[in-house]
Amino acid sequence: MTRPGFVHQALCYGSDEDFLDGAAPFALDGLHADDTVLAVLAPRNIGLLGRALGRRSGEVEFVRADDWYGCPSRTLGRYHTYCAEHDADGAGRPSRVRIIGEPVWPGRTEFETREWMRYESLLNVAFAGTGHWILCPYDTRVLPAAVVRSATRTHPELALGAGAATASDQYADPADFSAECDAAEPGELPAGRDDIPFGRDRSAHVRHALRSYARGLGVPEQRTHDMVAAVHEVMVNSVRHGGGRGVLRLRNDFEYVICEVSDIGTARPAPAPPFPGHLPPDRRAERGHGMWVVRQLSDLLTETFDPAGSVVRLYFKRALPV
């Protein structure tokens, strides 16, 4: 089946048969159309789909979901890079990429789950204007009801199996959905002993203090480097656009180092871009790459841009999985 434009569908399945009824025809239809087919799934579903495709399974690129769905921003960046590398055939003609992508939901905190829901919504913006097709399976046997319900709001279409689909009457505009996610974010951190004031002449001091803080927690060297680079970029933006000075607050828990950059604001703030840093920037653009890079370096990030003072909170896992 050939369809123009970007297609984003949720496949809510309650049995192995339901999963295969939606995923197998999707993959085979793509192979018949000479599309690139990528399946990012749980190991069990990789086995199910591989056996169902038979001899054609070798034409599909299979990836374990645990190896792909690390954090929302990097996953979006990875899909964007993959599609950019496969959006033309050997003769340079446009080529469609079909993805069966099953996010990893178990074991996430409420905050992490909400950001993965936001990620699913943002796919509709990130790939708008492309011809790619993403099918996202949701296992109703094991997933919380709230996660399954979110699929109807973040996917314009619901797959019905055997290649059929219907429009979701619960679908929410990504800007509205993202605003709901923002409204549920925690408030600004209270003052504490690890606060570090910053200004135009304090960047070196802040980088040194942050590096020492991370090392004191046993954060790996590469992760510490990422943390310092990301926080420095946010701090530079605050100095340039947020009144010239602010505070870096450092906290940690069992899993994350939390770095919050707040500034004093300015009477004439620059307008905040839509979905700041969530969407891949145009590589030819001279500006607009900073927050995208920050999101790629951090694991989670929340932001509030306000004339009275902006707050950007970055989360870094204390140790990345091997």
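# Exercises on a predicted model

Gly243 is partly exposed, with a relative accessible area of 39%. The structure examined in these exercises is a predicted model.

**Exercise 1.** Determine where Gly243 lies and which residues it touches, not counting residues up to four places away in sequence.

*Solution.* Begin with the class of exposure. Partly exposed is the class between buried, under 20%, and exposed, over 50%; Gly243 belongs there because its relative accessible area is 39%. Next, locate the residue: Gly243 is in the loop between helix 9 and strand 9. Then list its contacts beyond four places in sequence, which are Ser238, Ile264, Gly265 and Thr266. Finally, set Gly243 against Val7: the two are 236 residues apart in sequence, and their C-alpha atoms are 43 Å apart in space.

**Exercise 2.** Describe the open sheet of five strands, giving its strand order and its edge strands.

*Solution.* First, read the order, which is 8-9-10-12-11, with antiparallel pairing. Second, identify the edges: strand 8 (196–198) and strand 11 (300–304) each pair on one side only. Third, consider the angle between neighbouring strands of this sheet, which on average is 15 degrees, direction ignored. Fourth, examine one pair in detail. Strand 9 (residues 246–252) and strand 10 (residues 256–263) run antiparallel and are joined by seven bridges. Within this pair, Val247 has Ser262 of strand 10 as its bridge partner.

**Exercise 3.** Decide whether strand 2 and strand 3 run parallel or antiparallel, and state the handedness of the β-α-β unit they make with helix 2.

*Solution.* Start with the pairing: four bridges join strand 2 to strand 3 (residues 61–64), and the two strands run parallel. An example is Val40, whose bridge partner in strand 3 is Val63. Now include helix 2 (residues 43–53): strand 2, this helix and strand 3 form a right-handed β-α-β unit. The loop that lies between helix 1 (16–32) and strand 2 (36–41) contains Asp34. Although Asp34 is not a glycine, it has a positive phi of about 65 degrees. Asp34 is exposed, because its relative accessible area of 66% is over the 50% cut-off.

**Exercise 4.** Find out whether Asp299 is buried or exposed, and which side chain its own side chain contacts.

*Solution.* Asp299 is placed in the loop between helix 10 (290–297) and strand 11. Its relative accessibility is 4%, and the cut-off for buried is under 20%; therefore Asp299 counts as buried. Its side chain makes a polar contact of 2.6 Å with the side chain of Arg74.

**Exercise 5.** Name the buried residues of helix 10 and of helix 6, and explain why each set lines one face of its helix.

*Solution.* Recall first that an α-helix has 3.6 residues a turn, so residues three or four places apart point the same way. In helix 10, Met291, Trp292, Val294 and Arg295 are the buried residues. Seen down the axis of helix 10, they fall within an arc of 160 degrees, so they line one face. They pack against helix 4 (72–85), helix 9 (221–241), strand 11 and strand 12 (311–317).

Turn then to helix 6 (residues 145–154), in which Val147, Val148, Ser150, Ala151 and Thr154 are buried. Seen down the axis of helix 6, these residues fall within an arc of 155 degrees and therefore also line one face of the helix. Among the elements that cover them are strand 1 (7–13), helix 5 (110–126), strand 5 (133–139), strand 6 (157–161) and helix 7 (174–183).

Methods. Residues are numbered from 1 along each chain as its sequence is written. This is a predicted model: local features need pLDDT of at least 70, side-chain atom pairs count only at pLDDT 80 or more; totals for chains, interfaces and linings use all residues. Side-chain values use heavy atoms; hydrogens and water are left out. Two strands pair if DSSP finds at least two bridges between them. Axes are lines fitted to C-alpha atoms, for helices over the stretch in contact, and angles run from 0 to 180 degrees between N-to-C directions. Buried means under 20% relative accessible area, exposed over 50%, partly exposed in between (1.4 Å probe, protein chains only). A crossover is right-handed if, with the strands pointing away from the viewer, the path from the first strand over the helix to the second runs clockwise. A polar contact is a pair of N or O atoms within 3.5 Å; within protein, one must be able to donate a hydrogen and the other to accept it, and residues adjacent in sequence count only if both atoms are side-chain atoms. The arc is that of the directions from the helix axis to the C-beta atoms. Contact means heavy atoms within 4.5 Å.
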